[in-house]
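Trainee: I would be grateful for a close look at a single part of this model, with its polar contacts taken up before anything else. Please then connect that part to the rest of the chain.

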Amino acid sequence: MSRVASSVRLCFDGWIAGIGTTSGTRLVLGHWGRSPFGAFSDVMVERPDGERLLLAPTRRTADFIAATYAFDDVCVVPLRVRVTGDEWAVTAGPQLDLRFAVGRRGPTGLLLRAVPGSLAGSARWAGVTDPLSRLLLGVRTRGTAGGGRREWYGAHDLHLITRATTVLEGRDLGGLTAVEPPVRFGFGSTPRRPCLVRVTTTVSAPRPTDPGTPRPPGRAP
């Protein structure tokens, strides 16, 4: 067995959108402008029966995400996100066509924007905000992930999602509704009320000393 000498921190900076549909399917979009893999987007889907699906644009991103979170199926498909004003359009190969609109920034967004970015993305701040986030939003801001990894979220902004249409594998999933029950990809979820959150996600992964053991991509910032 290889020994772990230290850990490497991998930062993903971008947006997370959580959407519930009247069909019972819930979706989480990650739209990352900066990451160890460069800019990319991914979509996590949980069906009403609990089956969890990952849609990712490359095998490398799919392998990393699937090693960090839990899925029943993983698909590598071309994934494109277009943002025009308040309108977002997401396509993932033939599997998914998602469109949603975001509203103005509310009190929670204004409060988050008042926190300095360097503080909001820190592990110490995630520990402070975790109890409050659980109480008010039903989400966690820190926890353990797959492969011996630790993870924490630093939110910088929040907008409510006002409407959405979703077609998954040719089926219309119905109107926008609460993300209920919570998704089960990892320790965290998204707020019950559909929203778009500006976030920095940090994954702390073991750094193996065995040179034959694959390392997480990227370098510690």
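Mentor: In this predicted model, the side chains of Asp13 and Arg198 are joined by a polar contact of 3.0 Å. The side chain of Asp13 also makes a polar contact with that of Thr200, at 2.8 Å. Asp13 belongs to strand S1, which covers residues 4-21. With a relative accessible area of 16%, Asp13 counts as buried, because the cut-off for that class is under 20%. Leaving out residues up to four places away in sequence, Asp13 touches Trp32, Gly33, Arg34, Arg198, Val199 and Thr200.

The residue just before Asp13 leads into the aromatic part of the structure. Phe12 is buried, at 6% relative accessibility, and Phe37 is buried as well, with a relative accessible area of 17%. The structure holds eight aromatic pairs. In the pair of Phe12 and Phe37, the ring centres are 6.1 Å apart and the planes stand at 35°, so this pair is classed as tilted. The pair links distant parts of the chain, with Phe12 in strand S1 and Phe37 in the loop between strand S2 (26-34) and strand S3 (40-46), 25 residues apart. Both quantities are quoted because a pair of aromatic rings is described by the distance of the centres and the angle of the planes. Phe12 and Phe37 also belong to one aromatic cluster, together with Trp32, Phe40 and Phe64. Trp32 is thus a member of that cluster and is also among the residues that Asp13 touches.

From the aromatic cluster one may turn to the nonpolar core. The largest nonpolar core has 27 residues, and those that touch the most other members are Phe12, Met44, Ile65, Tyr69, Phe71 and Phe185. Two or more residues of this core come from each of S1, S2, S3, strand S4 (52-56), helix H1 (59-68), strand S10 (149-168) and strand S13 (195-208). Strand S13 gives the most to this core, with five residues. A second, separate core of 24 residues includes Leu53, Phe100, Ala164 and Leu196. As a general background, nonpolar side chains tend to be buried together in soluble globular proteins. Tyr69, one of the residues named for the largest core, is in contact with Met44, Glu151, Tyr153, Phe185 and Gly186 once its neighbours within four places in sequence are set aside.

Helix H1 deserves a word of its own. Ala66 is found in this helix and is partly exposed, at 32% relative accessibility. Apart from residues up to four places away in sequence, Ala66 touches Leu54, Phe71 and Val74. Its C-alpha atom is separated by 9.9 Å from that of Leu53, which is 13 residues away along the chain. Leu53 is included in the second core, whereas Phe71, which Ala66 touches, is named for the largest one.

The cysteines can be treated briefly. Cys11 is buried, with a relative accessible area of 17%, and Cys75 is buried at 19% relative accessibility. The structure holds zero disulfides.

Two features of the backbone concern loops. A cis peptide bond joins Glu180 and Pro181, with omega at about 0°. Pro181 lies in the loop between strand S12 (176-177) and S13. Glu169 has a positive phi of about 50° although it is not a glycine. Glu169 lies in the loop between S10 and strand S11 (171-172) and is partly exposed, with a relative accessible area of 47%.

These details may finally be set against the whole chain. The secondary structure comes to four helices and 13 strands. Of the 221 residues, 48% count as buried. Among contacts with a separation of 6 or more, 61% are made by residues 24 or more positions apart. The chain exposes about 11200 Å², and carbon and sulfur atoms supply 53% of that area. To return to the starting point, Asp13 is a buried residue whose side chain makes polar contacts with the side chains of Arg198 and Thr200.

Conventions:
Residues numbered from 1 in each chain as written. Predicted model: local features only at pLDDT ≥ 70, side-chain atom pairs only at ≥ 80, totals over all residues. Heavy atoms only, no water. Disulfide = S-S within 2.5 Å. Buried < 20%, exposed > 50% of the residue type's maximum accessible area, 1.4 Å probe, protein only. Polar contact = N/O pair within 3.5 Å; in protein donor to acceptor, adjacent residues only side chain to side chain. Contact = heavy atoms within 4.5 Å. Areas by Shrake-Rupley, 256 points an atom, 1.4 Å probe, with all protein chains shown as cover. Phe/Tyr/Trp six-rings, centres within 6.5 Å; stacked < 30°, edge-to-face > 60°. Core = buried A, V, L, I, M, F, W, Y, C linked by side-chain atoms within 4.5 Å.
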